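Trainee: I would like to go through this model with you. Could we take the contact between the chains and then turn to the strands?
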Amino acid sequence: MSLQGTFILKGLAITFKHFIRSYTKGFGHQAGNIKENGHTVVRQDHTHQGMITVQYPEEHLPQPERLRVLPVLIYDEADGNVRCTSCGICAKVCPPQCIWIVQAKGPDGKVVTKPQEFFIDTDVCMNCGFCTEFCPFDAIKMDHHFELSNYEREKSHIYNLQDLLVSSEYHGKIHPLAWKAEEAKRAEKTAVKHA
Amino acid sequence: MMPSAIFAELRLGPCVIKDPDRRQSVSADLAAATASLEALKAKAGAEVKDDPAVTLMAYAVMYQSARAFVHAAGYHITNFRALLSALNELYVKTGKLDTALVEGLEKSQEVGSGTSTFIVQAEQWLNKAKELTR
């Protein structure tokens, strides 16, 4: 026969544990976070715990770098060069088949390694990130912007090429570690090429 | 990025940043566009044929000039739809820029025919951008 009322003590213990974790694994646990002007803008620690209230929408919790919302296409900030070569790998590998691409063709009818059109049906997208994993050109990445609701989907939830294009600077801002690794690889490739 | 041509809506998103300090980078943008135009003219040669590589170079000049326009207005924009919308709202509607030039910037991405037109437009873009800083 168990002691009456021990469940109250168990509940209090859980509450106390959450309270302590707010300080040790919430406020205190900031390892690897990217800060700007003293505020965390990108979280690296996804095990953030504790009972911290964020006054959304006036306040926004900084997003973890690994967050996947919708795909975006990257263009180089310096010259606007669209990295996508319309190879179609992302469209092939997409599980719900939400991507469709039209390859650009030159005046002689030959394929040019650029997309003429690029559509993503964002309501079909399952946010898996396979497109970004399989892209050999770092041309498609997952965005963090999630405030996307609207009253209809035909016009506002089917994104075309211009809607999808974001600059490499934006990509570097929301994926700082991945950006650093990509740039290092790119620099290495360029060095080998010029050697 | 929500498909919207309305700049007022796009301004609320993460890709349009009000940054008055960007005005200082206009001269660097123009220098980049000028260098790109010189490279374009060297590649195109005297007799211009339809060539996707040359069209893309013309697109680079237009893009860098467009960036100068947007920086001059005190914005930093990291989405192409927002860039086009900002140009329409801030410059086309006020008569400082032609609609045809903004359409040329968009169409030149498609690298179809019309290389000679895009080269002319690229030069017009740069000239208009230089007028901003006078």
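Mentor: Certainly. Please keep in mind that this is a predicted model. About 2500 Å² is buried between chain B and chain A, and carbon and sulfur atoms give 56% of that area.

Trainee: How many residues does the contact take from chain B and from chain A?

Mentor: Chain A gives 37 residues and chain B gives 28 residues.

Trainee: How many salt bridges are there between chain B and chain A?

Mentor: The count is 3 salt bridges. One of them pairs A:Glu169 with B:Arg22, whose closest N and O atoms are 3.6 Å apart.

Trainee: And how many residue pairs are in polar contact across the interface?

Mentor: There are 13 such pairs between chain B and chain A, counting those with both residues at pLDDT 80 or more.

Trainee: Which elements give two or more residues to the side of chain B that touches chain A?

Mentor: They are helix 3 (52-72), strand 2 (75-77) and helix 4 (80-92) of chain B. Helix 3 of chain B gives the most, with 7 residues.

Trainee: How does that side divide by class, into nonpolar, polar and charged residues?

Mentor: The side of chain B that touches chain A has 15 nonpolar residues, 7 polar ones and 6 charged ones.

Trainee: Now the sheets. In what order do strands 5, 6 and 8 of chain A stand?

Mentor: These 3 strands form an open sheet in the order 5-6-8, with antiparallel pairing. Strand 5 and strand 8 of chain A have a single partner strand each, so one side of each has no neighbour in the sheet.

Trainee: How many bridges join strand 5 to strand 6 of chain A?

Mentor: Strand 5 (residues 99-105) and strand 6 (residues 111-121) of chain A are joined by 7 bridges. Among the bridge partners, A:Trp100 is matched with A:Phe119, A:Val102 with A:Glu117, and A:Lys105 with A:Val111.

Trainee: What lies between those two strands in the hairpin?

Mentor: The hairpin of strand 5 and strand 6 of chain A has 5 residues between the strands, and A:Gly109 there takes a positive phi near 85°.

Trainee: How many bridges join strand 6 to strand 8 of chain A?

Mentor: Strand 6 of chain A is joined to strand 8 (residues 158-159) of chain A by 2 bridges, and the two run antiparallel. A:Ile120 has A:Tyr159 in strand 8 as its bridge partner.

Trainee: Let us move to strands 7, 4 and 9 of chain A. Is their pairing parallel, antiparallel or mixed?

Mentor: The pairing is mixed, in an open sheet of 3 strands with the order 7-4-9. Strand 7 (140-142) and strand 9 (165-167) of chain A are the edge strands, each pairing on one side only. From one strand to the next, the twist averages 50°.

Trainee: In which sense do strand 4 and strand 9 of chain A pair?

Mentor: Strand 4 (residues 71-75) and strand 9 of chain A pair in the parallel sense, over 3 bridges. A:Tyr75 stands opposite A:Ser167, which belongs to strand 9 of chain A.

Trainee: A change of topic: which residues are joined by a cis peptide bond?

Mentor: A:Tyr56 and A:Pro57 are, with omega about 5°. A:Pro57 is in the loop between strand 2 (39-43) and strand 3 (63-64) of chain A. As background, most peptide bonds are trans, and most residues other than glycine have a negative phi.

Trainee: What, then, is the phi of A:Gln97?

Mentor: Phi of A:Gln97 is near 55°, a positive value in a residue other than glycine. A:Gln97 sits in the loop between helix 2 (89-93) and strand 5 of chain A.

Methods: Residues numbered from 1 in each chain as written. Chains lettered and ligands numbered in written order. Predicted model: local features only at pLDDT ≥ 70, side-chain atom pairs only at ≥ 80, totals over all residues. Heavy atoms only, no water. Contact = heavy atoms within 4.5 Å. Buried area = accessible area lost by both parts, 1.4 Å probe. Salt bridge = Lys/Arg side-chain N within 4 Å of Asp/Glu carboxyl O. Polar contact = N/O pair within 3.5 Å; in protein donor to acceptor, adjacent residues only side chain to side chain. Helix = DSSP H or I, 4+ residues; strand = E, 2+ residues; numbered from the N terminus. Nonpolar A, V, L, I, M, F, W, Y, C, P; charged D, E, K, R; others polar. Pairing = 2+ DSSP bridges. Axes fitted to C-alpha atoms, helices over the stretch in contact; angles between N-to-C directions.
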